[in-house]
Number of protein chains: 2
Amino acid sequence: MLTNASKYAIRAVLHLTKKMDEATKMSGKEIGSDLDIPEAFIAKILQKLVKANIISSHKGPKGGFYMSKENLNNNINDIIWAVEGRDIFEGCFMGLPVCSDENPCPVHHIVAPFKEKLYMKFNDLTIKDFADEIKDNGTHLTIKGINVKI
Amino acid sequence: MLTNASKYAIRAVLHLTKKMDEATKMSGKEIGSDLDIPEAFIAKILQKLVKANIISSHKGPKGGFYMSKENLNNNINDIIWAVEGRDIFEGCFMGLPVCSDENPCPVHHIVAPFKEKLYMKFNDLTIKDFADEIKDNGTHLTIKGINVKI
DNA sequence: AATATAAAAGACTTATTTATCCTTTATATC
DNA sequence: GATATAAAGGATAAATAAGTCTTTTATATT
């Protein structure tokens, strides 16, 4: 449903937001290394995000990427839109040309409420809200430095 | 989540199953035309499905693709597996390296039950069950010959 | 002013998915 | 047996997604 690029983008933005209180900007290199994302690839994605006003950047020494106050008010859908340039929620899950409440595909009653919930969460919560939730829940954006039982 | 190929495959199998009572086999050409799927592409997919015993085929005049009694007992997951060769339900929706009930991503509580429901439906119901449901609900596998309000 | 740092920009490669085309094989019908 | 029909097989092309590399531009620090 989401491409690698937009998954990377979401993680990068949340990671940036998490670190923001330290007032230090992060380089693309650092972000890529922290999140195990190919550095050159995440650099391209970060570039797109800056253009779309999802994140901010500053060139030169001590420069890097950071979240401005305004940036924090964007939502996840803004990120996805900036990276993919299309609505990922449209279209029938099974690919039927006609799929609606009146003419539902066999999984319509499972998929429709799921999309609805997801869309609301991606639209109504700000990046700040997400970052707070992540901090509260102890969610790991990276696998570095944590012990996972496998 | 599903590729075009597996969406096409599911529609083709259900279409075949629907027409099965007429005891007439369907050509790949006919299936492609009925479902608005490129003929050469659906032909390749049908070939895979035959190999995986999801559908049956017969060469020559009056030949074509059809569903045997045994074929009807397969489920949707079998189709997806035959076409994609992997589990489409694995992995975190947001791409987090760690995502579980203990360490949930921000949408884990929305995604997990959705996947669960979908997996069950795709696993517990047979192709026959699906085809019956479609017939009962008047679901359209194709847009041909129906009037849709746009 | 020279230097080092880091993003911006653009060209390029690789992989995967989607789709097309052509030849071969099986088989029903005449 | 000749012919027509339809799937099987294989090779290739086009589109999209994923990832890499090199050069240019801005800027803080010395």
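Here are some friendly notes on a predicted model, taking in DNA strand D, one helix and one loop residue.

1. Ground rules. Local features need pLDDT of at least 70 and side-chain atom pairs count only at pLDDT 80 or more, while totals for chains, interfaces and linings use all residues; side-chain values use heavy atoms, with hydrogens and water left out. Residues are numbered from 1 along each chain as its sequence is written, and chains are lettered from A and ligands numbered from 1 in the order in which they are written.

2. The surroundings of DNA strand D. There are 27 residues around the strand, and H58(A), P61(A), S27(B), K44(B) and S57(B) come nearest (a residue is near if one of its heavy atoms lies within 4 Å of the strand). By class the surface has 10 nonpolar, 12 polar and 5 charged residues (Ala, Val, Leu, Ile, Met, Phe, Trp, Tyr, Cys and Pro count as nonpolar, Asp, Glu, Lys and Arg as charged, and the others, Gly among them, as polar). On the DNA side, sugar or phosphate supplies 62% of the strand's atoms within 4 Å of the protein, and bases supply the rest.

3. Polar contacts to the strand (pairs of N or O atoms within 3.5 Å). The side chain of Y8(A) has an N or O atom 3.3 Å from a phosphate oxygen, and that of K59(A) has one 3.4 Å from a base oxygen. G60(B) uses a backbone N or O atom, 3.1 Å from a sugar or linking oxygen.

4. Helix α3(B). This helix (a DSSP run of H or I, at least four residues) gives the largest share of the surface near strand D, 4 residues. Its 13 residues should span 18 Å at 1.5 Å a residue (times one less than the number of residues), and the end C-alpha atoms agree with this at 19 Å apart. Just after the helix comes N53(B), with a positive phi near 60°.

5. Two faces of α3(B). I42(B), I45(B), L46(B) and L49(B) are buried (under 20% relative accessible area, with exposed meaning over 50%; 1.4 Å probe, protein chains only). They fall within an arc of 105° seen down the axis, so they line one face (the arc is that of directions from the axis to the C-beta atoms). Turned away from that side are the exposed A40(B), K44(B) and K51(B).

6. L72(A). This residue sits in the loop between β2 and α4 of chain A and is buried, at 9% relative accessible area. Its C-alpha atom is 10 Å from that of L125(A), 53 residues apart along the chain. Among the residues it touches are M20(A), M67(A) and I127(A) (heavy atoms within 4.5 Å).

Terms used:
A polar contact is a pair of N or O atoms within 3.5 Å; within protein, one must be able to donate a hydrogen and the other to accept it, and residues adjacent in sequence count only if both atoms are side-chain atoms. Helices (H or I, at least four residues) and strands (E, at least two) are DSSP runs, numbered from the N terminus. Lists of a residue's contacts leave out its neighbours within four places in sequence.
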